[in-house]
Amino acid sequence: MRALEPPRPHGLATTARALAAGTAAVLLVSGCGAPDDGGGADQVRVGLVAEPASLDFTSNDGAAIPQAMLSNVYEGLVELDAEGEIRPLLAEEYERSEDGRTYTFRLRDGVRFSDGAEFTAEDAAFSIERVKEEWTIGLADQMDVVEEATATDAHTLEVVLERPSNGWLYAMTTRIGAMFSRTGVDRLATDPVGTGPYTLDTWERGDRLVLRRNPDYWGEAPQVPTVVFRYFQDPGAMNRTMLAGGLDVIANMQEPEELGSFTADGGFRVVEGTTHGEVVLAMNNDEPPLDDVRVRRAVRHAIDREALLETAWAGHGTLIGSMVPPLDPWYEDLTGVHPYDPDRARDLVEEAGAEGETLRLRVPNLPYAVNSAQVVQSDVEKTGMDVEIESLEFPARWLEEVHGAGDYDMSIIAHVEPRDLHLFADPDYYFHYGGEKFADLVEEADRGSPQEQADKTREAARVLSEDAAADWLFLMPNLTVAREGLAGLPRDQVGEAFTAKTLHWEEEG
Amino acid sequence: MIGHVLRAAGWLAASLALASAAVFACLQLLPGDPARVALGLNADPAALAELRSRHGLDRPAAVRYLEWAGGLPRGDFGTSHVTGLEVGPQIAERAGVTFWLVLGSLAVAVAVALPAGTAAAAARGRPLAGAVAVLSQVGVAVPAFLLGTLLTYALAVRAGWLPATGYTALGEDPGEWARRMVMPWLSLGLVQGAVLTRFTRSAFLRVLGEDYVRTARAKGVGRAGVLLRHGLPNAGVALLTVIGLQIGTLLAGTVVVERVFVVPGLGDLLLRGVSDRDLVLVQGVVVVMVAVVLAVSTLSDLLYKVIDPRLRSAR
């Protein structure tokens with residue numbers, strides 16, 4: 001085992017000190033003060049990558065929007081707890097009918113939107129209908145299964161589904177289930193109106209988004225009055241700001257090789273949890289030679305995933321063998337289905353007559369994908385096939401050419417949405433996997449009782465892995481760096497949101 | 001002189017029109033579908049087509065260009081298809097930030113280059129000149145983002161004197177504003193200053209070789225007097241041109257420096273726009289940057305003629 005301590009920039013620091021001496025004069029003029037902009041017990045400053053383009057997640061798919069808005073500004077009828085279990089939120093309780101098609105939600109009393117309007121069952125029905133009518137993002141089709149949503153009285157909502165669906169209730173914990181005010185949807189891009197523990201205070205584009213505690217919140221008031229999300233396009237700049245005291249948390253560390261700089265002596269704490277982000281080596285199941293299951297299995301046998309994880313993400317993360325992460329209750333360790341076995345890989349390629357074939361590995365220009373691609377290339381080339389790497393700008397070019405047009409043999413991308421196994425069931429989706437048994441299992445799981453759901457999903461994940469519909473390189477870790485004393489951070493990334501209401505500063509001991 | 005001004009304004013307008021067409025055409029060739037970026041991984045083709053037609057993206061490029069370019073003289077930069085927000089106000093808000101960044105960097109550059117370049121010219125052949133030559137060579141070779149990163153490690157992470165990143169508006173708190181701009185100014189300014197030092201030195205050397213300088217010296221004017229009275233105005237003309245040309249380089253430099261220090265200027269807006277495929281936003285920002293570069297070079301051309309009467313009569 002190689003030690004993971006990253007090299008500290010000693011040479012850099014010496015040069016830097018020399019530069020510091022040279023520029024000291026200028027600093028005297030500018031005046032020296034506190035380390036960085038005033039941190040303190042009344043606020044938490046969170047460092048995030050990729051600022052949202054707008055705050056409207058009904059028309060823009062960017063993951064940064066629900067990350068900041070959901071569970072802070074907007075709330076749903078149900079939410080996920082820290083273990084990933086569904087529990088009521090704006091609904092006090094809910095009931096599923098015997099046939100599984102009707103859900104009855106009993107809504108909380110005394111909930112108000114930040115514009116003062118009362119939250120009623122009419123708003124809930126409006127919000128659900130609006131997903132079907134007005135939302136434009138692709139995810140909105142998860143609401144298609146709803147036949148009708150009606151307010152039977154001011155605080156009771158009845159939702160009738162076309163068919164029983166476990167996936168629908170889960171989707172209601174995501175942005176799809178966010179509750180909007182009938183009078184507060186005119187300027188979603190800039191002025192969000194929700195029932196959440198925080199409201200939007202200011203949004204200084206290009207720099208920060210500030211949330212302020214909602215004084216009229218129906219639930220327990222959050223302990224931290226102000227939450228500042230600061231956005232960085234450059235992960236290096238985020239790390240330096242954290243080191244210099246300008247941040248209290250890095251929510252999801254993008255440079256795991258730099259984790260060693262954040263030591264306990266420096267007043268930092270690193271928390272490593274897990275996520276739903278499966279880093280998938282996608283294979284085009286439609287195109288030769290990867291339409292041959294033997295070649296796909298050969299690719300899986302060829303890759304030394306443990307070594308790959310070291311290279312791609314500094315050894316942080318989990319090896320998984322299918323599209324189900326350990327956060328899901330039906331997780332099963334499938335890493336042994338096609339273990340690393342270069343000899344077997346070579347035999348399979350020979351058997352399929354695929355020697356000398358060229359595979360185009362077209363990856364997004366993201367660090368984990370580019371790093372992984374090099375390992376995949378060198379491992380797969382040992383089987384007798386050629387691999388050509390092409391790096392495409394993400395998101396625009398990759399989405400259009402690989403994801404949209406399916407112009408690729410292999411690609412690498414993290415599929416971060418929770419419970420996204422079903423993506424493989426659609427033969428038109430860019431994997432072009434057409435396994436009928438798998439598709440049937442996914443549908444039965446969605447219709448079935450909780451026990452059936454677990455059993456069928458587990459079986460589906462196994463079928464998918466045995467068919468080598470793709471390879472699962474690793475599962476993204478949730479690496480959080482926090483200033484000492486900040487508590488209430490979730491260990492795992494169970495949903496889409498960065499939940500601020502549980503954060504608090506521990507008393508100095 | 002009025003003729004000069006009118007002619008220059010005409011050229012400026014024509015160049016701007018041409019530039020706007022070039023910018024628009026280039027962005028049409030950029031691969032990647034804006035609708036797909038907005039709607040995400042699972043967007044179905046019908047929704048994509050709907051979004052495109054709602055924003056008129058399915059109309060011919062020439063029609064879209066004329067509509068966009070027609071609004072520019074009125075200050076109407078169009079509405080973003082990605083955010084649904086007007087582009088003009090966003091650019092106006094960011095332009096102020098970049099303006100101060102460029103101006104401050106230029107001040108740093110001139111403050112470094114004038115004394116260093118003059119001294120190097122005056123001390124020709126002595127160790128001081130050699131030192132300036134070496135240092136300016138190093139400065140030319142170091143990219144601004146590297147200098148910025150080193151400065152952050154030194155002044156923010158190690159010393160804790162300055163905030164590593166972030167911005168405070170000038171109107172909100174001028175002291176805090178200056179504290180946050182120091183490192184961006186230095187990163188851009190020192191690198192540009194190195195380039196400028198070399199120009200200053202050679203400009204002064206050229207002037208010092210002129211006949212009128214020898215005459216002045218023969219009349220008993222001291223070394224320093226010659227440098228100030230004859231050297232500065234004459235070398236100034238050459239420098240002004242170089243500074244005019246450097247505005248473009250500085251603007252390009254802001255894109256990187258704004259990213260390193262998380263300064264919400266035009267460069268930051270531009271990078272985000274490209275990544276979101278917010279084409280209306282990108283073409284707006286680029287046109288503004290091109291306009292600034294063209295205007296500055298026209299202006300420095302005119303100033304040149306004001307300072308040096310010989311150039312005026314030449315035409």
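Is Glu390(A) buried, partly exposed or exposed? Keep that question in mind as we walk through this predicted model; we will meet the residue again among the salt bridges of chain A.

Let us start with the overall build of chain A. The chain contains 12 helices and 18 strands. Its C-alpha trace extends over about 75 × 70 × 40 Å along the principal axes. For 509 residues, a compact globule would have a radius of gyration near 23 Å, and chain A, at 24 Å, agrees with that. Of these 509 residues, 55% count as buried. If you look at contacts in chain A with a separation of 6 or more, 71% of them come from residues 24 or more positions apart.

Now for the charged pairs. Side chains of opposite charge can pair when their charged atoms come close. Over all chains, the structure holds 43 salt bridges, and a few in chain A are worth a visit.

One of them joins Glu79(A) to Arg87(A), with 3.0 Å between the closest N and O atoms. The two partners sit in different accessibility classes: Glu79(A) has a relative accessibility of 13%, under the 20% limit, and therefore counts as buried. Arg87(A), with a relative accessible area of 38%, is partly exposed.

Another salt bridge brings together Asp248(A) and Arg483(A), at 3.2 Å from N to O. This pair links distant parts of the chain, 235 residues apart: Asp248(A) belongs to the loop between α5 (235-243) and β11 (249-250) of chain A, and Arg483(A) to strand β16 (residues 470-483). Here both residues, Asp248(A) and Arg483(A), are buried.

That brings us back to Glu390(A), whose side chain meets that of Arg362(A) in a salt bridge of 3.0 Å, N to O. Arg362(A) is part of strand β13 (residues 358-364) and Glu390(A) of strand β14 (residues 386-392), so the salt bridge ties together parts of chain A that are 28 residues apart in sequence. Arg362(A) is buried, at 5% relative accessibility. As for the opening question, Glu390(A) has 32% relative accessibility, which lies between the 20% and 50% limits, so Glu390(A) counts as partly exposed. The pair also belongs to a network: salt bridges with shared partners join Arg360(A), Arg362(A), Glu390(A), Arg397(A), Glu401(A), Asp407(A) and Asp409(A).

For a stop elsewhere in chain A, find Asp440(A) in helix α11 (residues 436-447). Asp440(A) is partly exposed, with 44% relative accessible area. Between Asp440(A) and Ala425(A) there are 8.5 Å in space, C-alpha to C-alpha, and 15 residues in sequence.

Finally, turn to where the two chains meet. On the chain B side 52 residues are in contact with 58 residues of chain A. The area buried between the chains is about 4900 Å², with carbon and sulfur atoms giving 58% of it. There are 2 salt bridges across this interface; one of the salt bridges pairs Arg277(B) with Glu393(A), where the closest N and O atoms are 2.6 Å apart. The polar contacts between chain B and chain A come to 9 residue pairs, both residues being at pLDDT 80 or more. Several elements of chain B give two or more residues to the side that touches chain A, among them α2 (34-39), α5 (87-122) and α10 (223-261). The largest share comes from α7(B), with 11 residues. By type, the residues on this side of chain B are 29 nonpolar, 11 polar and 12 charged.

Methods:
Residues numbered from 1 in each chain as written. Chains lettered and ligands numbered in written order. Heavy atoms only, no water. Contact = heavy atoms within 4.5 Å. Buried area = accessible area lost by both parts, 1.4 Å probe. Salt bridge = Lys/Arg side-chain N within 4 Å of Asp/Glu carboxyl O. Polar contact = N/O pair within 3.5 Å; in protein donor to acceptor, adjacent residues only side chain to side chain. Helix = DSSP H or I, 4+ residues; strand = E, 2+ residues; numbered from the N terminus. Nonpolar A, V, L, I, M, F, W, Y, C, P; charged D, E, K, R; others polar. Buried < 20%, exposed > 50% of the residue type's maximum accessible area, 1.4 Å probe, protein only. Rg over C-alpha atoms; globule rule 2.2 N^0.38 Å.
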